[in-house]
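Let us look carefully at this model together, taking one question at a time and reasoning from the structure to each answer.

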Amino acid sequence: DSTTIQRVVSLMFSDEDISVVPVNSGDAAIEALGRIRPDVVLADVDMPGPDGYALAAIIRERRMAPPVPVLLMAGAFDTVDESRAAACGAVGVLTKPFDPPSMIARIKAVI
């Protein structure tokens with residue numbers, strides 16, 4: 001949801017064969033899912049509208065084929081509810097600040 005994080009993620013993938021479609025809320029992400037079919041979704045655990053957990057659950061409930069993996073993002077000092085992350089179907093958690101090579105490798109592995 002943060003413009004700064006959106007820019008950082010977009011820049012990290014600018015030299016990769018991966019397109020980034022940034023949105024600023026859970027509601028905007030849901031709307032975008034009606035227009036595009038992502039290979040992976042990065043969702044902040046704490047964002048406006050449906051948070052990352054809720055967004056992951058919504059994506060899982062849509063039963064897209066093939067399934068769209070969701071990676072949750074959290075700040076280094078944010079509390080991540082691991083049981084809620086597992087229950088909503090998230091495939092993992094990325095911690096901010098990101099190490100670009102590690103993040104790129106993680107996302108490529110999920111895709």
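Q: In which loop does Asp-46 lie?
A: This model is a predicted one, and the place of Asp-46 is described by the two elements that its loop connects. Asp-46 lies in the loop between β1 and α3.

Q: Is Asp-46 buried or exposed?
A: A residue counts as exposed when its relative accessible area is over 50%. Asp-46 has a relative accessible area of 59%, and so Asp-46 is exposed.

Q: What distance separates the C-alpha atoms of Asp-46 and Ala-74?
A: Along the chain, Asp-46 and Ala-74 are 28 residues apart. In space, the separation between their C-alpha atoms is 7.7 Å.

Q: Why is strand β2 described as largely enclosed by the rest of the structure?
A: On one side of β2, Val-70, Leu-72 and Ala-74 are buried, and on the other side Leu-71, Met-73 and Gly-75 are buried, which leaves both faces covered. Strand β2 (residues 70-75) is largely enclosed because, of its six residues, the number buried is six.

Q: Which residue in β3 stands opposite Met-73?
A: Strand β2 is joined to β1 (residues 41-44) by four bridges, the two running parallel, and Asp-44 stands opposite Met-73 in β2. Strand β2 also pairs with β3 (residues 92-96) in the parallel sense, over five bridges. In β3, the residue opposite Met-73 is Leu-94.

Q: Through which helix does the chain cross from β2 to β3?
A: Strands β1 and β2 form a right-handed β-α-β unit with helix α3 (residues 52-61). From β2 to β3 there is also a right-handed β-α-β crossover, and the helix it passes through, at residues 82-88, is α4.

Methods. Residues are numbered from 1 along each chain as its sequence is written. This is a predicted model: local features need pLDDT of at least 70, side-chain atom pairs count only at pLDDT 80 or more; totals for chains, interfaces and linings use all residues. Side-chain values use heavy atoms; hydrogens and water are left out. Buried means under 20% relative accessible area, exposed over 50%, partly exposed in between (1.4 Å probe, protein chains only). Two strands pair if DSSP finds at least two bridges between them. A crossover is right-handed if, with the strands pointing away from the viewer, the path from the first strand over the helix to the second runs clockwise.
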